[in-house]
Amino acid sequence: MLLALVISIGAMCAISAVLAIIMVIAESTIGNYGEVSISINDGDKKIDARGGKPLLTTLKEANVFIPSACGGRGSCGLCKCKVKSGAGEIMPTELPWLSEAEKADHVRLSCQLKVKGDLQVEIDPALLYVREFRTTVVGLVNLTHDIKQLTLKLDDPNSMDYKAGQFVQIETPVYERTDEPVYRAYSMSSVPSSKNTIEMEIRLVPDGICTTYVHKYLKVGDKMTVNGPYGEFHRSENDRHMICIAGGSGMAPLKSILYDMREKGINRKATYFFGAKSKRDLFLLDEMKQLERDMPSFTFIPALSAPDAEDKWEGETGLITNIVDCHTEDLSNAEAYLCGSPFMIDACIVVLKKHGMPEANIFYDKFS
Amino acid sequence: MKQTVEMDKVQHNMRPGCITLKGLLGEDKRNLVDILIEDEGEVIRLGTSHKAIAERMQELRDSGVEGLGESITIEDRYDVRVDSVRGLLPCPYEDGTVQKTFIQVHNRMLKRSITYTDLHIHMIREHGFYEGKGSSFRLSPQDLVEILDVPPSCM
């Protein structure tokens, strides 16, 4: 009886050992895709890498940064790129993000596509200029009860070329709320001429990994890694009346655009509607008033949707959509720059179109 | 009730790194079926239903959207802020995706707050799932019923 038991245990151990060896061999052969070559934009850049990782990660390791807001989990749909050959079948996890036209056009979600062989990839050429920056926190200021202004000095490289209105991705390092680095996108509020310093306005998202880190853990003197610049939200070169609308931290890219105009002496007609709930949600009022003095064609209209009694608010009151509606007439030859909550942007687009603004003249930076 | 093969797959989707960084189960090591049974018992004890809870969450969410991303007062006693961040989240039960919308509700009378998402509303309404114990986004049925004033209902 005892002998049979020992033989059984021995047999089990032997089978387990054989299976473990098979798994190790499989890992190093079936799962080993060897060296692969990735050609970007018809050979403008070539990368030699080891296969086996997602395309997003493989490109990042070669200093080619595709924006992603979810850290490669396939839940933001931002990291799309065209893979002209070598991609294989579309993964089920990509399907919710791809339209029929995109599927036909070989668009893929780079975080879900595993690199298994040579690829031909097409990305926005501007992404080839995106860099990763080591930075130091030199400013962390409370603008409101839930918005902080974060200022970073660029250490390496020590300058960034960007357009007013663009954004960067901040890397949140490992801390008690995350076991791996997490990336989130934030618009820059600084002026592009300040090449060595960038500034952002970051609103606390409940339980948000990155915003909680910035609001509750980050200190002046800490090191941070960012990559950028990204984005197509910037001032177009014409003389149309600019209707700017923002709420909360949506102030950031518009501040950058307006300060850039002041610096360049562009006295284009611009009206800036800024919505908040009560006075404690307003910020940079003095700076905007100064901008009105410096740029005679600029008007700033802050509006509160529900001012507190102690606010003694004498300015505009109501939802920002109603304020825009009341202050504008024919907008058929104007253009709009919107930044803030997707709900605000969708509602504002309806109002702007009601006043005759062509949809092609409405530019927005949705937080979604 | 027994844990089915389908539930195993759903529970796999709820693990860290599948849909969200930290997953939907927290420190809860129980089978999904046991988590569901316990929460269902709690909801019955509170004299309401998953559907009634989800409908109340949805009602406040839809009213809060009118604040266009800022907090607004609803029914003279709730401060509600509804906003979105970039992206969609798939349901672990693989029956659709929802926007990453979060809803912050502060009940002035009780001086208590709760934050939930569109995914919570969907998971509670369709699957009776409130996330595992210890999960950062776990919602206790009792907190929901008390803070949102969920009306009594039959299961």
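# A tour of chains A and B

Start on chain B with helix α5, residues 141-148: its buried residues are Pro141(B), Leu144(B), Val145(B), Ile147(B) and Leu148(B). Keep in mind that this is a predicted model. Now step just past the helix. Asp149(B) follows α5(B), and its phi is positive, near 55°.

**Next, helix α4 of chain B**

Select residues 118-127 of chain B. This is helix α4, and it is mostly covered, with 7 of its 10 residues buried. Colour these to see them: Asp118(B), Leu119(B), His120(B), Ile121(B), His122(B), Met123(B) and Ile124(B). The residue after α4(B) is Gly128(B), which has a positive phi near 65°.

**Then a loop of chain B**

Go to Lys111(B). It sits in the loop that links β3 (97-107) to β4 (112-117) of chain B. Is Lys111(B) buried or exposed? Lys111(B) counts as exposed, at 68% relative accessibility. Check its backbone too: phi of Lys111(B) is near 55°, a positive value in a residue other than glycine. Most residues other than glycine have a negative phi.

**Across to chain A**

Zoom out and show chain A whole. Its C-alpha atoms fill a box of roughly 95 × 50 × 40 Å along the principal axes. Chain A has 8 helices and 17 strands. Of its 368 residues, 50% count as buried. The exposed surface of chain A is about 17400 Å², and carbon and sulfur atoms supply 54% of that. Colour by charge next. Chain A carries 41 positive and 49 negative charges, and their mean positions are 2 Å apart.

How far apart in sequence are the residues that touch? Take the contacts in chain A between residues at least 6 apart in sequence: 68% of these join residues at least 24 apart.

**The domains**

Colour chain A by domain. The assignment gives domain 1 (35-127), domain 2 (130-230) and domain 3 (241-366). Measure between the first pair: the C-alpha centres of domain 1 and domain 2 of chain A lie 26 Å apart. Then show the residues where they meet. There, 11 residues of domain 1 are in contact with 9 residues of domain 2 of chain A.

**The largest nonpolar core**

Select Leu254(A), Leu258(A), Tyr272(A), Phe274(A), Met288(A) and Phe298(A). These have the most contacts inside the largest nonpolar core, which has 29 residues. Now add the elements that give two or more residues to this core: β12 (241-247), α5 (251-264), β13 (270-276), α6 (285-294) and β14 (298-304) of chain A. Which element gives the most? It is α5(A), with 6 residues. Domain 2 (130-230) and domain 3 (241-366) of chain A both give residues to this core, so it lies between them.

Centre on Phe298(A). Leaving out residues up to four places away in sequence, Phe298(A) touches Leu258(A), Ala270(A), Tyr272(A), Met288(A), Leu291(A) and Glu292(A). Then look for a second, separate core of 28 residues; Phe65(A), Cys111(A), Leu119(A) and Leu127(A) are among its members.

**A buried methionine**

Select Met344(A), in helix α8 (residues 342-354) of chain A. Met344(A) counts as buried, at 3% relative accessibility. What does Met344(A) contact beyond its neighbours within four places in sequence? Its partners are Ile245(A), Ala246(A), Gly247(A), Ile320(A), Cys339(A) and, on chain B, Leu68(B). Add Thr321(A) and draw a distance. Met344(A) and Thr321(A) are 23 residues apart in sequence and 7.9 Å apart in space, C-alpha to C-alpha.

**Backbone stops in chain A**

Finish with three places along the backbone.

- Select Asp42(A), in the loop between β1 (35-40) and β2 (45-50) of chain A. Its phi is near 55°, a positive value in a residue other than glycine. Asp42(A) is exposed, with a relative accessible area of 57%.
- Go to Asp156(A) and Pro157(A). A cis peptide bond joins them, with omega about -15°. Pro157(A) lies in the loop between β7 (147-156) and β8 (167-172) of chain A.
- Last, show Gly228(A) and Pro229(A). The peptide bond from Gly228(A) to Pro229(A) is cis, with omega near 0°. Pro229(A) belongs to a strand, β11 (residues 223-230) of chain A.

For context on those bonds: most peptide bonds are trans.

Terms used: Residues numbered from 1 in each chain as written. Chains lettered and ligands numbered in written order. Predicted model: local features only at pLDDT ≥ 70, side-chain atom pairs only at ≥ 80, totals over all residues. Heavy atoms only, no water. Core = buried A, V, L, I, M, F, W, Y, C linked by side-chain atoms within 4.5 Å. Buried < 20%, exposed > 50% of the residue type's maximum accessible area, 1.4 Å probe, protein only. Helix = DSSP H or I, 4+ residues; strand = E, 2+ residues; numbered from the N terminus. Domains from an automatic or database assignment. Contact = heavy atoms within 4.5 Å. Areas by Shrake-Rupley, 256 points an atom, 1.4 Å probe, with all protein chains shown as cover. Lys, Arg positive; Asp, Glu negative; His and termini not counted. Charge placed at Lys NZ, Arg CZ, Asp CG, Glu CD.
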